[in-house]
Amino acid sequence: MAAATLLKFLAMQSIISVTNLSKRYASGFEALKRINLDIHRGEIFALLGPNGAGKTTLIGIICGILVPSAGKVTVDSHDIITDYRAARSLIGLVPQELHTDAFESVWATVSFSRGLFNKPKNPAYIEKVLRALSLWDKKDDKIMTLSGGMKRRVLIAKALSHEPQVLFLDEPTAGVDVELRKDMWQVVRDLRDSGVTIILTTHYIEEAEDMADRIGVINKGGIILVEEKAELMRKLGKKQLTLQLQQQLHALPAELSAFKLTIGEDGSTLIYNYDTKAERTGVATLLGELSRAGLRIRDLQTTQSSLEDIFVGLVSDRQ
Amino acid sequence: MNLKAVQAIYNFEMARTRRTIWQSIVSPVLSTSLYFVVFGAAIGSRITEIEGVPYGSFIVPGLIMLTLLTQSTMNASFGIYFPRFTGTIYEILSAPVSPFEIVLGYVGAAATKSIILGLIILATSWLFVPLRIEHPFWMVTFLVLTAATFSLLGFIIGIWADGFEKLQIVPLLIVTPLTFLGGTFYSTSVLPPVWQTISLFNPVVYLISGFRWSFFEISDVSHTVSVGMTLLFLVVCLITVWWMFKTGYKLKK
């Protein structure tokens, strides 16, 4: 019991803590505005935001590639500036762009990365990583001969080469075909199961919905929200009931005025949005009122809003 | 200290040299051999000796310096510029590596390559002309100090440059002319007094003079002044690199 409590406590601990972080470039552009964010140990955290929102800047600062203008970041309590060696040694980074050493072999470049992080040679571990990423057959090939998807996996292998505790995946599946994408996400799940904390950005929001434990939305340099995925879906997710009528409507009958209904473009569809967490959804009453109004239903269907719908709603609300 | 990172960067750069052996080693050795043929044999037949040293032998230290300076500068500048150009520098910047360790890896590899080249040219020279080294310790000291200093200069250029043209400007338009004008093929004592004074503003004069002294005990300036000037240039380069990392100049936004 005590062990379970301890595990839960550890899981809730922040492995990355961002406090009042700001970034202003020399051009004057303010990419981050007093960001506060905590990443829990062992979670998959999806950072979503439109292009130019500040995702890559935030990741760049945490990893040591960019210099913050103000604020503080710690990784497992190690300050990224004053204790940068300890902080960076915990982090693996897969960048958005395909930055690779074209003339190096896969094996050499992954081994190079391990050395950079002060880790002794471990061919067995490198082999394990390459096999997990389906790169073992290509280990002696020069990177320039690989496809885009394979190069992306090489970058992941490099990031994993030093056995990091935190893995940043900045658009990891961009340009990767569906089959490989599934394999990559399986690798990510396995990493999470082994205790690695994962922070990912992706434009494939359905992937974030599928993978993430928590979601953070960033826009115009500010964090809009951070929420457990399930809680976010419950809070902001809406359900929609679509009713196909046997006749066409030009206007809503008076009996139905109490419901927030929309008539579809074809005139024979009624759309009703309702809140799933409300005590009464009003669906049963609506069906009764429709019958009383003499409207016959040909068909009906319900749909749940996706994370993408929620994301688009959040971002567009703040435009 | 992250010695494994230093080793990784060093080995990576040395592997690049091995991959491009024709360009890195064979080409400079061939070019220098041509200098021997043209200057040593053709012109040397008309200038028998300078300060008691046969002309063919006299130009050897200068030719080694010429290769050392240009190759140190170009190799180190390319070594750091290429990761910036391809974007792979992200990995160095995000690794637990200090600026000193990064410099040690890149500059150490560039200097090693230049020293190897210098020694190959020295060995090749023995095939063409009679040679003697009066002060082997000082010869090695000048070789190592010069390779390290100009590799540092190359590293600075590699960070400063934002295009391949800029990368070439300093080695081709500054280092090479200064080397040719620094007494590679002649003693500055044969110049008119005004040009002798102007030559003293050329740092390469001190390097070639000191290096030549270690071979034949003849020099344009005292060898202690040569060592002093080389160390001064080394310190200036070190301070510049330190400033670049401290401010993140062209490395970190």
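User: What makes Asp193(A) count as exposed?

Analyst: In this predicted model, Asp193(A) has a relative accessible area of 61%. The cut-off for exposed is over 50%, so Asp193(A) gets that label.

User: And why is Arg192(A) called partly exposed?

Analyst: Arg192(A) comes out at 23% relative accessibility. Buried would need a value under 20% and exposed one over 50%, so 23% puts Arg192(A) in between.

User: How do you know that Asp193(A) and Arg192(A) form a salt bridge?

Analyst: Their closest N and O atoms are 3.6 Å apart. The rule asks for a side-chain nitrogen of Lys or Arg within 4 Å of a carboxyl oxygen of Asp or Glu, so this Arg and Asp qualify. The pair also belongs to a network of salt bridges that links Arg192(A), Asp193(A) and Asp213(A). Over all chains, the structure holds 17 salt bridges.

User: What makes Glu289(A) and Arg292(A) a salt bridge, and where do they sit?

Analyst: Here the closest N and O atoms are 3.1 Å apart, and the limit is 4 Å, so the pair counts. Both residues sit in helix 10 (residues 283–292) of chain A. Because they are three residues apart there, about one helical turn separates them.

User: Which labels do those two partners get, buried or exposed?

Analyst: One of each. Glu289(A) has a relative accessible area of 18%, and the buried class runs under 20%, so Glu289(A) is buried. Arg292(A) has 60% relative accessibility, and with the exposed class starting over 50%, Arg292(A) is exposed.

User: What about chain B: why do Glu134(B) and Arg132(B) count as a salt bridge?

Analyst: The N to O distance is 2.7 Å, and that satisfies the within 4 Å rule, so the two side chains meet in a salt bridge. As for accessibility, Glu134(B) has a relative accessible area of 36% and Arg132(B) one of 37%. Partly exposed lies between the 20% and 50% cut-offs, so both residues get that label.

User: Let's go to strand 3 of chain A. Why is it called mostly covered?

Analyst: Five of its five residues are buried. That holds on both faces: Ile44(A), Ala46(A) and Leu48(A) are buried on one side, and Phe45(A) and Leu47(A) on the other. In a regular strand, side chains alternate between the two faces of the sheet.

User: How do you know that strand 3 pairs with strand 8 and strand 9 of chain A?

Analyst: Pairing takes at least two bridges. Strand 3 has three to strand 8 (residues 197–201), running parallel, and four to strand 9 (residues 214–219), also in the parallel sense. Both counts meet the rule, so both are pairs. Phe45(A) stands opposite Ile199(A) in strand 8, and its bridge partner in strand 9 is Arg214(A).

User: How many cavities are there, and what makes the lining of the largest one nonpolar?

Analyst: There are six cavities of 30 Å³ or more, and the largest has a volume of about 70 Å³. Its lining divides into 11 nonpolar residues, no polar and no charged. Among them are Phe45(A), Leu47(A), Phe168(A) and Ile199(A). Phe, Leu and Ile count as nonpolar, so these four fit that tally.

User: Which element gives the largest share of that lining?

Analyst: Helix 2 of chain A, with three residues.

Definitions and conventions. Residues are numbered from 1 along each chain as its sequence is written. Chains are lettered from A and ligands numbered from 1 in the order in which they are written. This is a predicted model: local features need pLDDT of at least 70, side-chain atom pairs count only at pLDDT 80 or more; totals for chains, interfaces and linings use all residues. Side-chain values use heavy atoms; hydrogens and water are left out. On a 1 Å grid over the protein atoms alone, a cavity is a set of points where a 1.4 Å probe fits but cannot get out, and a pocket is an open set with protein on both sides within 12 Å along at least five of seven lines; lining residues have an atom within 4 Å of a point. Grid points are joined across faces, edges and corners, and a volume is the space filled by probe spheres set on the points. Helices (H or I, at least four residues) and strands (E, at least two) are DSSP runs, numbered from the N terminus. Buried means under 20% relative accessible area, exposed over 50%, partly exposed in between (1.4 Å probe, protein chains only).
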